[in-house]
Amino acid sequence: MTDVWWPGVALHVVSGKGGTGKTTVAAALALALAHQGKRTLLMEVEDRQGIAQLFDTAPLPYEERKIAVAPGGGEVWALALNAQEALLDYLDTFYNLRRAGSVLRRMGAIDFATTIAPGLRDVLLTGKACEVVRRIDKRAPNAYSAIVLDAPPTGRISRFLNVNSEVSGLAKVGPIRNHADLVMSVISSPRTAVHLVTLLEEMPVQETIDGVSDLRSANLPVGGIFVNMTRPPMLTSEQLREARSGTLPALGIERSLAEAGLTFDNQVVTALMHEANDHAVRVDLEAREATRITELGLPTFMLPLISEGIDLGGLYQLANLLRECGVR
Amino acid sequence: MKLNAPNLDVDALIRDRSITIIVCTGAGGVGKTTTAAALALRAAEQGRDVCVLTIDPAKRLAQAMGLSVLDNTPRLVAGVCGPAGTGSLHAMMLDMKRTFDEVVEGNADPERAQAILDNPFYQALSSSFAGTQEYMAMEKLGQLRAAASAESSWDLIVVDTPPSRSALDFLDAPERLGSFLDGRFIRILTAPARGAGRGIGKLAAFSFGLFTNVLNKILGSQVLADVGSFVAAIDTTFGGFRERADATYKLLQDSGTSFIVIAAPERDALREAAFFVERLKTDSMPLAGLVLNRVQGGGEIDLSAEQATASAERLEKMGEDERLTAALLRLHANRQKIHTRQLHLAERFTAAHPGVAATTVPALAEDVHDLAGLREIGDLLAKKPEPPSRSK
Ligand SMILES: Nc1ncnc2c1ncn2[C@@H]1O[C@H](COP(=O)(O)OP(=O)(O)OP(=O)(O)O)[C@@H](O)[C@H]1O
Ligand SMILES: Nc1ncnc2c1ncn2[C@@H]1O[C@H](COP(=O)(O)OP(=O)(O)OP(=O)(O)O)[C@@H](O)[C@H]1O
Ligand SMILES: [Mg+2]
Ligand SMILES: [Mg+2]
């Protein structure tokens, strides 16, 4: 595969079931897209400092910061968005209210506003992301080549992105309305792709299938499926069959172990065969779930489970895999 | 996995008749619903009359428990009983909107209730507000508990908690939402005429005025008007959201309640578990212990990842015939690596919380979606750790 995926896309939104690896995949994607001297922005919106934890740096301020270099000289920048700061920003821009804003914040008014109108919160956050996208059109000096958004989970993503209907209960005219229109003009355009991260397990796959249909019915552009933490088969299909039925040649294994110079007792052979059986069941499950994913007919990327866990090295490893699949 | 912690004896817990509520909490996706259902089933099959309150269970699991409709009432799970016909299992799925509606209907006259139910702010509040699910889970627990003592229908309630990123949300969100709804703010902004804003200082008063103004502009005046009429309508009906939340909170401090904290062997989930355990202590809520769920097996045989990899390499060089064993050793090495990392994470938890009892449940190869799967989880939960292995 040498084609480049999503050539015209500027905003990559990464969603998926909780805990499937949204933050990890978003970061790997930002790294992959930053190859050869490009500059990408990785954004988070949930006030969790997930990016800082992943890159092992101090908590990020409400400010764009460089957090990593990509192989080949590219750069990944990061921004931790938060609704309250975004509202203050907004009040300042449109109503010149920054000073009063800080009093209101101390009193809890900012919290209050974003609580009674959750739609307001979302429009402010997506609005900020779109503002960054529009820098590209304006050829601004601080423009990025791509923006990756570590977004809310599948259950909330359509609503989060579909700000137009979110604010429909709010003001009919005025700046927030215009703001929402502007956001929609970016988010529902071919400049945006919404990617879903999943595991090859029943619940996440179901959530992905439902998520894709939600996104489609909201006319939001679906990008690719990132299948995370896969366990590629380590045995041939013949071996898997034997592992499943418990007919692996115990004597042969015993002889080979001796050959390899391992001193062992019978338990070792039994345990290895047992582990092979577990593996076969897991491989079957993954194959079953993978079929359901394939049926979606979307570009699909497989990312293996990194047994050491994810650190910076693991992140670069995932980014490289993505690049090899044409994500660049 | 062998943890350096006292054993959490699940069977002793469910046999203890003085325990009437078991709450399963933990970070998102760690296995709260599965554990709650498995414990409830096990308790029923050991002779207790159990009701399990599940929240957003996977579809197949719900079906396996006979929950095909979301009707917000406990249903008897067919085919579950304990020794000599004792024991039973009821299961239900929480419908938060319905629960909220019922609270309204139960506390206001029909006309006023209808006005509240029709209010757009109430509709948003009851279906999509952060914290509503937690609040309603508490509310439902309170109701089940009341029903249990009134009708002696069940003697143990097992509670699942909502899928939230943070386990603490279950304890904090109802209170947060309650204070928000009862709060001074909502009153000042929606009914400044009542004088609730008096005595807040000039700058603050000015800021409020300005802010109400801006809020009206950006949200539209309808939003604040809706909030205003909602507040007016509830004011005279029920005695405060916060008080309600507080009442259930007290129930959780009762000695008949016991918490089980579930974690996956991952950094984030264990951090959440640690926060929760500390919080229970601060609030004197009774903790049964930690369930470390979906643990990768390993350590059963004395063959390290390094040894296995080295031997696999040796075998791979020897040619075709040795491929199978080499692959098995690589497979083992991978498992072992994951196991070691998980053990290390778990040990950080147990070292910081030495008194906390714990048990582990291995990751099954497949999802848990039927009663047989739940029984298996139950067995694994209750399995006693093996005695220290004989030294060779
Ligand atoms: N390919 C992988 N191999 C091994 N571990 C992984 C992989 N991808 C993610 N993880 C680990 O899985 C856990 C969850 O990942 P992550 O935090 O990215 O998920 P998330 O979807 O952002 O979660 P949340 O819903 O809580 O935001 C983390 O501990 C992460 O290190
Ligand atoms: N020990 C286990 N082995 C294999 N699969 C498991 C195990 N425990 C739970 N699962 C599976 O993991 C998934 C998540 O479990 P569950 O729904 O119980 O988590 P939860 O904590 O309730 O999640 P949420 O926070 O979304 O409510 C389910 O598909 C379940 O079948
Ligand atoms: Mg995340
Ligand atoms: Mg659950």
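Which helix of chain A gives the most to the shell around ligand 1? Keep that in mind as you open the model, which is a predicted one, and follow the stops below.

**Stop 1: ligand 1**

Select ligand 1 and show the residues around it. The answer to the opening question is helix 1 of chain A, with three residues. The shell holds 20 residues, and those that come nearest are Gly18(A), Lys22(A), Thr23(A), Thr24(A) and Ile310(A). Now color by chain: residues from chains A and B surround the ligand, so this site is shared between chains. Three elements give two or more residues to the shell: helix 1 (22-33) and strand 7 (222-230) of chain A, and helix 13 (267-282) of chain B. If you color by residue class, you will find nine polar, six nonpolar and five charged residues around ligand 1.

**Stop 2: the sheet of chain A**

Hide the ligand for a moment and select the strands of chain A. Eight of them form an open sheet, ordered 3-4-2-5-1-6-7-8, with mixed pairing. At the edges sit strand 3 (65-69) and strand 8 (300-304) of chain A, each of which pairs on one side only. Look along the sheet to see the twist, which averages 25 degrees from one strand to the next.

Bring back helix 1 of chain A, which packs on this sheet and touches strand 1 (11-16), strand 2 (39-44), strand 3, strand 4 (75-80), strand 5 (146-150), strand 6, strand 7 and strand 8 of chain A. The direction of helix 1 makes about 175 degrees with that of strand 5 of chain A.

Next, zoom in on strand 6 (residues 192-198) and strand 7 of chain A, a parallel pair with four bridges. For a landmark, label Val197(A) and its bridge partner in strand 7 of chain A, Phe226(A). Then add helix 10 (residues 202-217) of chain A, which lies across strand 1, strand 6 and strand 7 of chain A and runs at about 165 degrees to strand 6 of chain A.

Before you leave this chain, color chain A by pLDDT. The average is 90, and 96% of the residues score at least 70. Among the elements of chain A, strand 6 has the highest mean, 98, and helix 4 (residues 98-107) the lowest, 73.

**Stop 3: ligand 2**

Where does ligand 2 lie? Select it and you will find it between chains A and B. Of the 21 residues around ligand 2, the ones that come nearest are Lys32(B), Thr33(B), Thr34(B), Pro163(B) and Leu364(B). Helix 10 of chain A, from the previous stop, gives two or more residues to this shell, as do helix 2 (32-45) and strand 7 (287-295) of chain B. The largest share, three residues, comes from helix 2 of chain B. By class, the shell around ligand 2 has nine nonpolar, seven polar and five charged residues.

**Stop 4: chain B and its strand 5**

Now show chain B alone. Chain B has 16 helices and eight strands, and its C-alpha trace spans about 85 × 55 × 40 Å along the principal axes. Of its 392 residues, 49% are buried. Among contacts in chain B with a separation of 6 or more, 79% are between residues 24 or more positions apart.

Select strand 5 (residues 156-160) of chain B: is it mostly covered or mostly exposed? Mostly covered, with five of its five residues buried. In a regular strand the side chains alternate between the two faces of the sheet. Turn on side chains here and see Leu156(B), Val158(B) and Asp160(B) pointing one way, with Ile157(B) and Val159(B) pointing the other.

Now show the two parallel neighbors of strand 5 of chain B. Strand 1 (residues 21-26) of chain B is joined to it by four bridges, and Val23(B) has Val159(B) as its bridge partner. Strand 2 (residues 49-54) of chain B is also joined to strand 5 by four bridges, and here Cys51(B) stands opposite Ile157(B).

**Stop 5: where the chains meet**

Finally, show both chains and select the interface. Here 44 residues of chain B are in contact with 52 residues of chain A. On the chain B side, helix 6 (120-128), helix 10 (202-219), helix 11 (221-235), helix 14 (305-318) and helix 15 (323-352) each supply at least two residues. Helix 15 of chain B gives the largest share, twelve residues. Color this side of chain B by class to find 25 nonpolar, nine polar and ten charged residues.

Methods
Residues numbered from 1 in each chain as written. Chains lettered and ligands numbered in written order. Predicted model: local features only at pLDDT ≥ 70, side-chain atom pairs only at ≥ 80, totals over all residues. Contact = placed C-beta atoms within 7 Å. Nonpolar A, V, L, I, M, F, W, Y, C, P; charged D, E, K, R; others polar. Buried ≥ 20, exposed ≤ 12 C-beta atoms within 10 Å, placed from the backbone. Pairing = 2+ DSSP bridges. Near = placed C-beta within 6 Å. Axes fitted to C-alpha atoms, helices over the stretch in contact; angles between N-to-C directions. pLDDT = per-residue confidence, 0-100.
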